[in-house]
Amino acid sequence: MSRKSIQLDEQVYRYLLSVSLREAEILKECREETAKHPMARMQIAPEQGQFISFLITLLHVKKALEIGVYTGYSSLAIALALPDDGHLDACDIDPEITTIAKRYWSKANVAEKISLHIAPAIKTLDRLIEDKQNETYDFAFIDAHKPEYIDYYERVLQLIRPGGLIMVDNVLWSGNPADETIQDEDTVAIRLLNEHLHADDRIMLSMLPVADGITLAFKH
Ligand code: SAM
Ligand code: CA
């Protein structure tokens, strides 16, 4: 029995996708269009999108929050899995790149389920807290500016209901947080966030080596 996760070389990764990925046509379209963009690597992996949809369905999520929309892949994965009366508050700072996301939301007939908040995410989260949205969200996905991860997390933890789930993306950041000689701003921020969550007894947590690493935090 192995005590650590299997290494996914290209062949094994292709195999994993070939026997498990069920990607909706609209998600595939979004992924293929995004692949032409210079920052395409910011998009989540397709099996991660499927895992998000799986969790949304499993947990009967009705009210969701996303921080970091980009061209819309993860928001589509969330919105497509939400029930008809479900809602997603999606935060991003970039009005231009998110026009692509909005186009896909319309095409997928989920635009009505999504409110896009164009502003620094911290401001949007503070406003939601001011608007007494505390403990009303069932699910949140954090995937925006890495140096602000702890600031997002602390606000999201107020907004999520007890029993709700937070998914944080890129917690393994290509492995860099494990190498103490790497001290760039993003790596240091992710290292601090990981330590912060590990010590946080307000949550149950599980870090998974899916894609670039995700942490699932379940609020007690
Ligand atoms: N989840 C997306 C997907 O699946 O394609 C990828 C998100 S991408 C890694 C990060 C996004 O965060 C970018 O679209 C960027 O504009 C946004 N962002 C950066 N700084 C931000 C901030 N301070 N507030 C809100 N969004 C921000
Ligand atoms: Ca990401």
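Donors here are N, O and S atoms within 3.2 Å of the metal when that metal is Ca. Keep that cut-off in mind as you open this predicted model.

**Stop 1: the calcium ion**

Select ligand 2, the calcium ion, and show the side chains around it. Which protein atoms serve as its donors? They are Asp143 (OD), listed twice, together with Asp169 (OD) and Asn170 (OD1), at 2.3 to 2.8 Å from the ion. Read along the sequence, the donor residues follow the spacing D-x25-D-N. Colour the chain by secondary structure and you will see that distant parts of it are linked here: Asp143 sits in the loop between β4 (137-142) and α7 (149-159), while Asp169 belongs to strand β5 (residues 160-169), 26 residues apart.

**Stop 2: Asp169**

Stay with strand β5 and pick out Asp169. Is Asp169 buried or exposed? The cut-off for buried is under 20% relative accessible area, and Asp169 has 3%, so it counts as buried. Asp143 is buried as well. For a sense of scale, draw a distance from the C-alpha atom of Asp169 to that of Lys36: the two are 133 residues apart along the chain and 22 Å apart in space.

**Stop 3: ligand 1**

Now select ligand 1 and the residues around it. There are 19 of them, and the nearest are Gly68, Ser74, Asp92, Ala121 and Asp143. Asp143 is thus a residue to keep displayed from the first stop, where it was a donor to the calcium ion.

Try labelling these polar pairs:

- Asp92: an N or O atom of its side chain is 2.6 Å from an oxygen atom of ligand 1.
- Gly68: a polar backbone atom is 2.9 Å from a nitrogen atom of ligand 1.
- Ile93: a polar backbone atom is 3.3 Å from a nitrogen atom of ligand 1.

Taken alone, ligand 1 would expose 600 Å², and the protein buries 90% of that. Switch on a surface to view the space it takes, which is the largest pocket.

**Stop 4: helix α4**

From Ser74, one of the nearest residues to ligand 1, widen the selection to helix α4 (residues 73-81). How many of its nine residues are buried? Seven are, and the helix is mostly covered. The buried ones are Tyr73, Ser74, Ser75, Leu76, Ala77, Ile78 and Ala79.

**Stop 5: Arg191**

Finish in helix α8 (residues 185-198), where you will find Arg191. With a relative accessible area of 9%, Arg191 is buried. Show Pro177 too: its backbone oxygen lies 2.8 Å from a polar atom of the Arg191 side chain.

Definitions and conventions:
Residues are numbered from 1 along each chain as its sequence is written. Chains are lettered from A and ligands numbered from 1 in the order in which they are written. This is a predicted model: local features need pLDDT of at least 70, side-chain atom pairs count only at pLDDT 80 or more; totals for chains, interfaces and linings use all residues. Side-chain values use heavy atoms; hydrogens and water are left out. Helices (H or I, at least four residues) and strands (E, at least two) are DSSP runs, numbered from the N terminus. Buried means under 20% relative accessible area, exposed over 50%, partly exposed in between (1.4 Å probe, protein chains only). A residue is near a molecule or strand if one of its heavy atoms lies within 4 Å of it. A polar contact is a pair of N or O atoms within 3.5 Å; within protein, one must be able to donate a hydrogen and the other to accept it, and residues adjacent in sequence count only if both atoms are side-chain atoms. Accessible areas come from the Shrake-Rupley method with a 1.4 Å probe; for residues, only the protein chains shown count as cover. On a 1 Å grid over the protein atoms alone, a cavity is a set of points where a 1.4 Å probe fits but cannot get out, and a pocket is an open set with protein on both sides within 12 Å along at least five of seven lines; lining residues have an atom within 4 Å of a point. A molecule sits in a cavity or pocket if more than half of its atoms lie within 2 Å of its grid points.
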